[in-house]
Amino acid sequence: MEMSLPPTVLIARNLTQRVAIANTGLTILSEVSLEIKSGQSVAVIGVSGSGKSTLLGLLAGLDVPTSGEVVLFGHHLNQLDEDGRAQVRGQHVGFVFQSFQLLPSLTALENVLLPLEIRGDDDPAGKARAYLERVGLENRETHYPNQLSGGEQQRVAIARAFVTNPSILFADEPTGNLDNATGEKIIDLLFELNREQATTLVMVTHDEHLASRCERAIKLEAGRITDDYLVD
Amino acid sequence: MKLIRLAGLFARREARSGEFRILAFALVLAVATTTTISLFSDRLGRALLAQSAELIGGDLVLRSSRPPDREWLDFALEFGLQTTQLAEFGTVLMSNDKILLASVKAAGAGYPLRGQPRVADTRYGNDYAVSKRPDKGEVWADRRVIDRLGITLGETISIGVKTFTVTRVLTFEPDRGSNFFNLSPRVLMNHDDLDETKVVQPGSRVRYSYLYAGENVKSFADWLAPQLGPGQKLIDIRSDKGGTSKALNNADRYLRLIALMAVLLASVAIAVTAQGYSERQFDVSAMLRCLGATQKTIMHLYLIQMLLLALLAGVVGCLLGWYVHLVLLSLLEELIPSRLPVAGVKPLLTGFVTGFIILWGMVLPPILKLKQVPPLRVIRRNLLPLTLSAWTVYSVALSALLLLVVLLSREIWLTLLIFSAVGVLILLLAALVYGLLRLRVNISGFRHSLAGRGMATLARRARSNSGQIIAFAVTMMLMLVIAQLRTELLGNWQNQLPEDAPNNFAFNILPQEVEQFEQFLDQRSISREPVYPMVRGRLMAINDRLLKPGGVDPVGNDESINRELNLTWSPTIPDDNRIIDGAWWESQNAQKDVVSVEAELAKRLNIKLGDRLVFNIAGVQRQFSVRSLRTVQWENFSPNFYMILPPGALDGLPVTYITSFRLEEMQRSLLIDLVSQFPSVTVLEVDVIIQQIRTILRQVTSAVELMLVFVLLTGFLVLMAAVQSSLGERLREGALMRALGARRRFIALNNLMEFGMLGLLSGVLAVLGAEMINTYIYGRLFRMDRELVIWIWFALPFAAAIVIAGVGYLVTRKAVTQSPKSILAQYSG
Ligand SMILES: Nc1ncnc2c1ncn2[C@@H]1O[C@H](COP(=O)(O)OP(=O)(O)O)[C@@H](O)[C@H]1O
Ligand SMILES: [Mg+2]
């Protein structure tokens with residue numbers, strides 16, 4: 001399976017997303033097409049409201065476009081039903097969000113365990129511990145999210161994202177809720193793990209500096225790609 | 001398997017949250033209530049049957065006016081039944097030179113079958129139960145026989161041509177039937193002596209009974225019934241109900257009603273909580289979807305949690321219910337035979353199932369929504385799952401409630417009627433509340449007042465608040481109904497039997513003795529009822545319809561026409577009788593040929609106002625037309641009459657007088673003086689019966705109060721659930737307002753006013769609803785009158801406002817004391 005992976009892991013063709021507000025339609029994305037190769041790190045940049053999160057949601061199969069299509073690891077996402085997309089996500093995809101999105105009633109360890117339990121992995125506890133240690137939180141296993149700082153919470157979220165060895169990681173403004181110093185450390189950690197596991201990375205950010213750490217940047221303006229370049 | 005572990009983990013983690021605790025607690029309460037009442041009712045029901053059996057002396061009784069076929073006794077053995085026979089007749093007892101008219105019962109081998117006679121070894125000795133009949137040559141006689149004949153135990157009396165030794169004082173016969181006004185002195189003898197007395201000759205008036213007991217009485221009755229001839233009838237334990245079983249049945253009905261309300265309240269609490277719980281799980285569900293969980297996985301995860309919860313609540317609730325039912329039984333200890341039948345499994349199962357039904361009806365619909373949460377919610381927080389159609393939600397909830405009613409109620413249709421009334425009421429309330437909240441109160445002065453501000457805040461959250469108002473209103477409404485029922489039900493019972501209720505009846509007071517008799521009692525400060533004249537008469541016909549005793553139609557079989565009725569006259573209506581139709585005679589010189597008839601008898605015999613009743617009074621036929629129908633408090637131990645006539649209506653007919661009076665323990669010996677001074681007067685002591693009824697009242701009261709604790713607890717749960725469900729929103733809003741610079745006092749006051757208005761509004765609605773339900777329950781279910789308690793109408797809304805404002809203030813205090821940042825962080829996720 002791993003060996004036969006095509007070099008292009010993600011293809012988007014003519015993605016358009018429209019929502020109905022009152023009586024008029026609002027176009028959030030129009031005619032977005034892109035291809036992402038395995039192992040590549042891609043930043044999606046643009047001002048707030050330009051449609052970055054919407055694009056990320058479509059690429060990750062969290063939502064379906066009004067028109068156009070997404071092919072993720074050979075799966076035509078719009079041809080699958082929600083459960084089919086969920087399975088693709090569970091198999092290939094990891095997520096990191098701006099607001100961490102940890103389950104407040106679960107401990108740090110249990111949060112990391114969650115995707116493994118859902119997939120039904122063997123020895124989930126061992127793997128989860130290893131990843132929590134990897135992000136430097138080995139002695140915070142039994143702490144609940146509200147007992148952790150923002151940076152610590154995002155570390156737990158990163159451990160949760162990588163624990164399933166995803167082929168592609170989607171990150172939506174992962175440092176948006178953190179101060180600069182903490183954000184920097186989080187990004188270091190993210191790229192480290194990304195390199196170790198040769199994960200494809202798609203990161204949404206409005207931070208040019210952050211984007212410059214990726215191999216490639218795609219610029220969105222008002223729902224259209226206006227620039228797509230390799231970072232040197 | 002892994003899913004179960006995950007579900008267990010979730011459930012364990014959730015157990016720390018307030019919502020989950022309310023859910024679990026409400027569920028445990030509902031299960032416990034159901035279990036308690038089902039167990040209690042199950043065992044009580046069996047005990048009642050046993051008691052009825054005691055009252056007629058067997059599980060089945062054949063009554064006959066001539067010697068029944070001997071084979072009917074022997075053949076019962078084939079059915080595995082135990083049998084005995086009785087012969088009862090009136091005869092003259094002789095001792096020394098005195099004679100006395102008495103009623104004698106000859107008991108056959110095997111007596112007693114059900115219940116035990118009680119006897120004493122001296123005239124005033126303590127009595128005890130025995131399981132036998134008198135030996136041959138011996139009789140047991142009651143106190144009246146002993147007093148009248150002036151004998152002591154060990155002396156002899158003759159019945160017919162045979163002489164018997166009186167060996168015991170008979171104080172109680174189990175098979176006396178419900179008619180404890182059997183006036184004659186009584187003697188119990190051995191059936192084997194009967195022939196030797198030569199009293200029973202062809203043509204003598206004897207009541208023969210065959211008594212049967214055992215499992216198969218029903219099939220035996222089916223075999224016997226077609227063979228009965230005229231003057232013969234079968235009585236089973238359902239056809240003869242004594243006063244105790246009526247009271248217990250009423251208690252059981254009432255307890256059931258309370259239990260049902262407790263369960264419904266618990267359902268309300270659970271529904272409210274489940275709603276909030278589900279909404280809080282939206283994020284969890286979205287995250288799980290995001291991590292690859294399919295809809296099925298998510299459903300399984302929550303369903304397993306629900307099942308775990310139901311199992312846990314089922315076990316804990318059943319245990320609790322078992323314990324409480326034991327307490328309930330011990331509270332009603334003296335009413336219930338000591339050897340209670342073991343409880344079946346069914347009541348426990350009923351309780352256990354309740355938890356599942358409630359979860360299914362109240363929790364499943366909001367949980368089902370979780371399946372639909374779009375995963376995109378992890379990015380866009382405001383995305384909500386498609387809501388299930390209101391139709392689905394309500395029909396699921398409603399069907400669960402119906403199931404509960406069916407499980408818990410004996411009178412399903414009646415209860416369903418009540419609950420559909422409640423349902424309609426709730427819909428009306430919902431519409432009203434919603435309308436009220438949407439109504440912009442535009443009186444400028446009001447808008448800026450505190451109350452106006454509370455109202456405005458209420459209106460802003462019209463949807464969630466109307467839910468809360470309805471929950472509160474329904475809760476208070478049900479509690480109000482129960483509380484009022486309790487007060488009035490118990491009050492009613494107690495009023496019928498005041499501390500100083502008469503405990504002795506005196507019959508056969510001769511006209512010329514009345515004054516002396518009154519003096520005798522009054523001089524000794526013995527409290528008494530008025531002395532009523534009494535004439536015995538048999539009802540012969542209603543209009544042109546002849547009443548034939550022992551006939552096949554139900555009217556012909558009615559007790560009241562198979563014996564003489566007591567008629568009296570009175571210028572005024574007795575104190576606690578009430579006219580329900582027609583009118584009382586106003587003046588002394590009104591018509592003489594009218595009669596006032598007791599309402600239940602009138603109903604049984606189909607007697608209407610204006611009907612002509614023909615009586616045979618001492619051989620003379622007299623006609624009266626029905627002037628009024630009247631209710632009578634039979635249990636109050638005053639002389640009561642089926643038929644009352646105007647003064648003068650019975651002039652010239654043989655009359656004796658009757659009264660009842662109260663003797664204190666110390667005054668007991670006065671009876672001897674009384675009996676010797678008025679030898680013709682018959683005194684009947686009813687202390688035992690009064691004691692029994694008083695015990696019932698006391699015990700039923702405590703039982704009812706115990707069950708009310710459940711209702712109170714569930715009511716409180718609803719309050720907590722409703723406040724809790726809005727907690728997050730309120731805290732967030734409070735924190736925001738403070739972040740925007742609002743003063744603590746302002747926010748606290750705002751919350752207080754909002755909750756206050758909420759309480760006031762729901763209190764008003766509760767009073768309205770309770771009034772409607774009460775009218776219905778009193779009119780249809782218990783058929784009693786009730787007094788309107790007007791002050792409640794005003795007190796309740798204000799009390800509700802204060803309590804709810806208080807609880808709300810306490811719970812939302814955080815909004816004022818905790819730092820805005822920590823709240824916003826916690827509740828905006
Ligand atoms: N379901 C929706 N309904 C209405 N407007 C939406 C919806 N989803 C996105 N938008 C709008 O689309 C625009 C792009 O949103 P988003 O993708 O979140 O931008 P970004 O992540 O770049 O800030 C925003 O103006 C947002 O308000
Ligand atoms: Mg965004």
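Start by selecting A:Phe170: at 0% relative accessibility, this residue is buried (under 20% relative accessible area is buried, over 50% exposed, and in between partly exposed, with a 1.4 Å probe and protein chains only). What you have open is a predicted model, in which local features need pLDDT of at least 70, side-chain atom pairs count only at pLDDT 80 or more, and totals for chains, interfaces and linings use all residues. Residues are numbered from 1 along each chain as its sequence is written, chains are lettered from A and ligands numbered from 1 in the order in which they are written, and side-chain values use heavy atoms, with hydrogens and water left out.

**Aromatic pairs**

Add A:Phe95, which is buried at 3% relative accessibility. A pair of aromatic rings is described by the distance of the centres and the angle of the planes. The rule takes rings of Phe, Tyr and Trp (its six-membered ring) with centres within 6.5 Å; planes under 30 degrees apart are stacked, over 60 edge-to-face, and the rest tilted. It yields 16 aromatic pairs over all chains. A:Phe95 and A:Phe170 are stacked because their centres are 6.0 Å apart and their planes meet at 25°. The pair joins distant parts of the chain: A:Phe95 is in strand E6 (residues 93–97) of chain A and A:Phe170 in strand E7 (residues 168–172) of chain A, 75 residues apart. Helices (H or I, at least four residues) and strands (E, at least two) are DSSP runs, numbered from the N terminus.

Now go to chain B. Select B:Phe79 and B:Trp223. Their rings form a tilted pair, 6.3 Å centre to centre with 45° between the planes. This pair also links distant parts of the chain, 144 residues apart: B:Phe79 is in the loop between helix H3 (71–74) and strand E2 (82–95) of chain B, and B:Trp223 is in helix H6 (residues 217–224) of chain B. B:Trp223 is partly exposed, at 24% relative accessible area. Widen the selection to B:Phe75, B:Tyr212 and B:Phe220; ring pairs link these with B:Phe79 and B:Trp223 into a cluster.

**Charges over rings**

Next, pick B:Lys162, in strand E8 (residues 162–172) of chain B. Is B:Lys162 buried or exposed? It is buried, at 18% relative accessibility. Its charged end sits over the ring of B:Phe164, 5.5 Å from the centre (NZ of Lys or CZ of Arg within 6 Å of the ring centre and within 35 degrees of the ring normal). The side chain of B:Lys162 also makes a polar contact with the side chain of B:Glu196, at 3.3 Å. Such a contact is a pair of N or O atoms within 3.5 Å; within protein, one must be able to donate a hydrogen and the other to accept it, and residues adjacent in sequence count only if both atoms are side-chain atoms.

Move on to B:Arg524, which lies over the face of B:Phe520, 3.8 Å from the ring centre. Step along to B:Ser525. This residue has a positive phi of about 50° although it is not a glycine. B:Ser525 is in the loop between helix H15 (514–523) and strand E13 (532–542) of chain B, and is exposed at 63% relative accessible area.

**Ligand 1**

Centre the view on ligand 1. Which chains surround it? Residues from chains A and B do, so the site is shared between chains. Among the residues around ligand 1 are A:Val19, A:Ile28, A:Lys52 and B:Arg380 (a heavy atom within 4 Å). Show three distances to oxygen atoms of the ligand:

- A:Gly51: a polar backbone atom at 3.1 Å.
- A:Ser53: an N or O atom of the side chain at 2.7 Å.
- A:Thr54: a polar side-chain atom at 2.4 Å.

**Helix H21 of chain B**

Select residues 727–739 of chain B, helix H21. Its 13 residues should span 18 Å at 1.5 Å a residue (1.5 Å times one less than the number of residues), and the end C-alpha atoms are 18 Å apart, which agrees. Buried residues of H21(B) include B:Leu727, B:Arg730, B:Leu731 and B:Arg738. The buried residues of H21(B) cover an arc of only 165° around the axis, so they are on the same side; the arc is taken from the directions from the helix axis to the C-beta atoms. Just after H21(B), B:Gly741 takes a positive phi of about 100°.

**Last stop**

Finish at B:Pro112, in the loop between strand E3 (98–107) and strand E4 (118–120) of chain B. The peptide bond from B:Tyr111 to B:Pro112 is cis, with omega near -5°.
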